[in-house]
Amino acid sequence: MRKICVVTGSRAEYGILYWVLKGIDNDPDLQLQVCVTGMHLSPEFGLTYKQIEEDGFFINEKIEIVLSSDTPVGISKSMGLALIGFAEALDRLKPDLILLLGDRYEIFSCAAGALVSKIPVVHCHGGEITKGAIDESLRHAITKMSHIHFCSTDEYRERVIQLGEDPSHVFNVGALGIENIKKIRLLSRDSFQSSIGFEIGEQNFLVTFHPVTLDNFSAEYQFKELLKALDFFPLAKIIFTKPNSDTDGRIIISLIDQYVEKNKGRSISFISMGQLRYLSALKLVDLIIGNSSSGLIEVPSFKKPTVNIGDRQEGRIAARSVINCGISSEEIVKSIELALSKDFQSSLKNLVNPYDNGNSSEEIIRIIKNIPLIPLLKKKFFDLIN
């Protein structure tokens, strides 16, 4: 029986991994191990590890790493704590494979610990480009420390191969998050309103904005421009989801709290909505605004427009439902007006999501069950130059 250790450090990541976790847990030939870390264990971010337990998963290891500081020094210290914690946890668990998703700093630390511990790494969502954040460098570094790769499009698969990875170990399985949309029965309008304690209106926006860690403009400046743009639409009801524990994330959280306090009845905010309420919100709102990857990956499946602000997601494949704009309030207002126009809305009726490639979790489980483990650790650089 192969022991598969799945690591999660954030609420969004756990939601994306849910069906993979479920599939491993239900497979008689696999033994699931779960490590939680990062924001899951922080009261400030909702102690979302409790949701994992409520969903029926046993948590094997809890690795505390989040500090009260979100400065570059604080984040670097968290990375160090994560490396120490994962080194000890992996020594206790001794998994046959570690499954990681994405590009966050705690995931990088886990990959580094696994490399030294000689444990093969399975990496999901490699090969993607996000020029506006340190996440891109972390993602590519994780790719080079990984042995099996599950990408979300053919283009991303080709990029992982370009990084020197063996094509026979690189697979396009689509984006895992889309599976939730297909499998979860979403809430009706009335049930959704009841679940969040907030009445939505005729026009509704969902806003998710994260700090751009490589930008010259501060997170505070950029988010204030976004809030200024929202004031041009006084009839719109606004649902904010708060950012992750990235550099300057707490600045954005404070600005959200101030805005909601001044706009009671018109706006509401959440540390964590959970997958059911979040996806139900995507179904019910008119528009998604911000710079989250969800606006590019999951939202097109609902045939809804996304106003993607700034360069945090620059380089990522996007459906025609995505409207890219700059960070000024004027540009954001123009993009929102375009997204709400009847012509733009009608153009999305036959939209195909480029990240939808079938049942991702079943394909992932089939591969990790059957792929030979012994040859994985001694990787050869796959050179495109003959």
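The legends below describe close-up views of a predicted model.

**View 1. The open sheet and its edge strands.**
Seven strands make up an open sheet with parallel pairing, and their order across the sheet is E3-E2-E1-E4-E5-E6-E7. The edge positions are taken by strand E3 (61-63) and strand E7 (170-172), each of which has a single partner strand, so that one side of each is left without a neighbour in the sheet. Averaged over this sheet, and with direction ignored, neighbouring strands are turned by 20° against each other. Strands of a sheet pair through backbone hydrogen bonds, in either a parallel or an antiparallel manner.

**View 2. Strands E6 and E7 with the helix that packs on them.**
The parallel pairing of E6 with E7 extends over three bridges, and Cys151 is found opposite Asn172, a residue of E7. Helix H6 packs on the sheet here, where it touches both E6 and E7, and the direction of H6 makes about 170° with that of E7.

**View 3. Helix H1 across three strands.**
Helix H1 (residues 11-26) lies across strand E1 (2-8), strand E2 (30-37) and strand E4 (97-101), and the angle at which H1 runs to E1 is about 165°.

**View 4. The enclosure of helix H5.**
Of the ten residues of helix H5 (residues 135-144), seven are buried, and the helix is therefore largely enclosed by the rest of the structure. The buried residues of H5 are Asp135, Glu136, Leu138, Arg139, His140, Ile142 and Thr143. Their cover includes three helices, namely H3 (72-93), H4 (105-117) and H6 (154-162), together with strand E5 (121-124) and strand E6 (148-151).

**View 5. The packing of H4 against H5.**
The axes of H4 and H5 are 10 Å apart, and the two helices pack at an angle of about 20°, which makes H4 roughly parallel to H5, as the angle is under 35 degrees. The crossing in which H4 passes H5 is left-handed. On the H4 side, Tyr105, Ile107, Phe108 and Ala111 take part, and they meet Leu138, Ala141 and Ile142 of H5. When the residues of this contact between H4 and H5 are sorted by class, seven are nonpolar, while no polar and no charged residues are present.

**View 6. The oblique crossing of H8 and H11.**
Helix H8 (residues 189-196) and helix H11 (residues 274-284) have axes that come within 10 Å and cross at roughly 130°, which means that H8 is oblique to H11. This crossing of H8 and H11 is left-handed. Arg189, Phe192, Ser195 and Ile196 form the H8 side of the contact, and Arg277, Ser280, Ala281 and Leu284 form the H11 side. By class, the residues of the contact of H8 with H11 comprise four nonpolar, two polar and two charged.

**View 7. Two residues with positive phi.**
His125, which lies in the loop between E5 and H5, has a positive phi of about 70° although it is not a glycine. The relative accessibility of His125 is 8%, and because this is under 20%, the residue counts as buried. Lys303 is placed in the loop between helix H12 (294-297) and strand E12 (306-309), and the phi of Lys303, again a residue other than glycine, has a positive value near 55°. With a relative accessible area of 34%, Lys303 is partly exposed.

Terms used. Residues are numbered from 1 along each chain as its sequence is written. This is a predicted model: local features need pLDDT of at least 70, side-chain atom pairs count only at pLDDT 80 or more; totals for chains, interfaces and linings use all residues. Side-chain values use heavy atoms; hydrogens and water are left out. Buried means under 20% relative accessible area, exposed over 50%, partly exposed in between (1.4 Å probe, protein chains only). Helices (H or I, at least four residues) and strands (E, at least two) are DSSP runs, numbered from the N terminus. Contact means heavy atoms within 4.5 Å. Axes are lines fitted to C-alpha atoms, for helices over the stretch in contact, and angles run from 0 to 180 degrees between N-to-C directions. Angles under 35 degrees count as roughly parallel, over 145 as roughly antiparallel, 65 to 115 as roughly perpendicular and the rest as oblique. A crossing is left-handed if the near helix is turned anticlockwise from the far one by less than a right angle, and right-handed if clockwise. Ala, Val, Leu, Ile, Met, Phe, Trp, Tyr, Cys and Pro count as nonpolar, Asp, Glu, Lys and Arg as charged, and the others, Gly among them, as polar. Two strands pair if DSSP finds at least two bridges between them.
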